[in-house]
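The exercises below are meant to be worked through with the coordinates open, and each is followed by a solution in steps.

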Amino acid sequence: MLQAILEQPEKIIIREVEKPTLGQGQVLIQVKRIGVCGSDIHAYYGKHPYIKCPIVQGHEFSGKIVEKGKGVRGLDIGENVTVMPQLTCGRCYPCTHGNYHICNELKVIGCQAEGAAQEYIAVDQKLVVKLPEGMSYEEGAMVEPVAVGAHAVGRLAAVKGMNILVLGAGPIGNLTAQVVKGLGASSTIITDISDYRLEVAKECGIDLVVNISHENLLQVLEDSFSESRADAILECVGIQATIDQAIETARKGTEIIVVGVFGEKPWVDIGLIQDKELKLLGTLMYKEEDYYTAIKLIRSGKVNLKPLMSKHFPLRDYGKAYKFIEQNRDKTMKVFIDL
């Protein structure tokens, strides 16, 4: 079978390898679609702190079950599926207390373990999630990033009836804002410096978009939500400027959820966090229930994925996909690899 391996930064090799053999409780998935994620891009350029070359990428993906190993129950050949890419130890404190998504020995398929950038992948049945009939492979590959948003929103004390601010209108910010609306927020504001991304957010039904390069965010918040501003803020960029905006524009007692992955260590105004008695919470990945929430929101139409689908590339052109993203960064949301 064909496999794409990121041998070193900016060098992807397509090679022939043996099809995986199945172990106890595993299924063989014929990979159909892979979504290229922001962390994949960082890894491609050798800038991800936790992903090292050589690595077979691909952690957002969907496909079809083509073989079953011994002991597999509840899954059938021919079913379309997606996968939760977390490999956990099952023994550490987080794992034994229901928080396996922050396992002390967590490895992620496509990041620290062999991923889906190949024609077939063998996966433990406990990681496999069935796709509803009629859900496309593109939608299936995007369940993972929607689940990121679902888990982040789940960290809030409340969503229904709340006024929520989302900082960053890239794929994760967009999907997080859609999840916020889908789970019953009263109103949602999303920010960015890209008019294109904000137009996509509008197309996806976000209530109010703000280009902070020429609009005063604090003024918009007070005009839209009164002096109470936002009930909660989700930071979905991972840079100094947006964590500053979150802390500075937050009303006293506000929850701030840190969704964006920071490439560089930020400086945080702890004094202001203390003075405002802010609740600053992290969020990582998702749990199984977040996958089912994501699927439910997609199927119900409360999360609209089509405006985010930018372009498709075949497996042999994996490297060209990254070049396309680099050359069209301001007008690219989600790029897929097709098999």
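**Exercise 1.** How are helix 4 and helix 10 oriented to each other: roughly parallel, roughly antiparallel, roughly perpendicular or oblique?

*Solution.* The model is a predicted one. Begin with the two axes, those of helix 4 (residues 143-154) and helix 10 (residues 288-300), which come within 8 Å and cross at roughly 110 degrees. Angles of 65 to 115 degrees count as roughly perpendicular, and helix 4 and helix 10 are therefore roughly perpendicular to each other. Next, list the residues that make the contact: helix 4 supplies Val143, Glu144, Val146, Ala147, Ala150 and His151, while helix 10 supplies Asp290, Tyr291, Thr293, Ala294, Ile295 and Ile298. Sorted by character, the residues of this contact comprise eight nonpolar, two polar and two charged.

**Exercise 2.** Determine the strand order of the open sheet of six strands, and explain what sets its edge strands apart.

*Solution.* Reading across the sheet gives the order 12-11-10-13-14-15, with parallel pairing. Strand 12 (208-211) and strand 15 (279-282) stand at the edges, and because each has a single partner strand, one side of each is left without a neighbour in the sheet. Direction ignored, neighbouring strands of this sheet are turned by 20 degrees against each other on average. For strand 12, the pairing is with strand 11 (residues 187-192), in the parallel sense and over four bridges, and there Asn211 of strand 12 is the bridge partner of Asp192. Finally, place helix 7 (residues 217-225), which lies across strand 10 (163-167), strand 11 and strand 12 and runs at about 165 degrees to strand 11.

**Exercise 3.** Trace the pairing from strand 3 through strand 4 to strand 5, naming a bridge at each step.

*Solution.* Strand 3 (residues 26-35) pairs with strand 4 (residues 60-68) in the antiparallel sense over eight bridges, and Arg33 has Ser62 of strand 4 as its bridge partner. Strand 4 in turn pairs with strand 5 (residues 80-83), again in the antiparallel sense, over three bridges; here Gly63 has Val81 of strand 5 as its bridge partner.

**Exercise 4.** How many disulfides does a search of the whole structure find, and why is Cys53 not in a bond with Cys111?

*Solution.* The search finds zero disulfides. A disulfide requires cysteine sulfur atoms within 2.5 Å, whereas the closest cysteine sulfur to that of Cys53 belongs to Cys111 and is 12 Å away, which is too far for a bond. Cys204 is likewise in no disulfide, the nearest cysteine sulfur being that of Cys236, 14 Å away. As for surroundings, Cys53 is partly exposed, with a relative accessible area of 29%, whereas Cys204, at 10% relative accessibility, counts as buried.

Notes
Residues numbered from 1 in each chain as written. Predicted model: local features only at pLDDT ≥ 70, side-chain atom pairs only at ≥ 80, totals over all residues. Heavy atoms only, no water. Pairing = 2+ DSSP bridges. Helix = DSSP H or I, 4+ residues; strand = E, 2+ residues; numbered from the N terminus. Axes fitted to C-alpha atoms, helices over the stretch in contact; angles between N-to-C directions. Parallel < 35°, antiparallel > 145°, perpendicular 65-115°, else oblique. Contact = heavy atoms within 4.5 Å. Nonpolar A, V, L, I, M, F, W, Y, C, P; charged D, E, K, R; others polar. Buried < 20%, exposed > 50% of the residue type's maximum accessible area, 1.4 Å probe, protein only.
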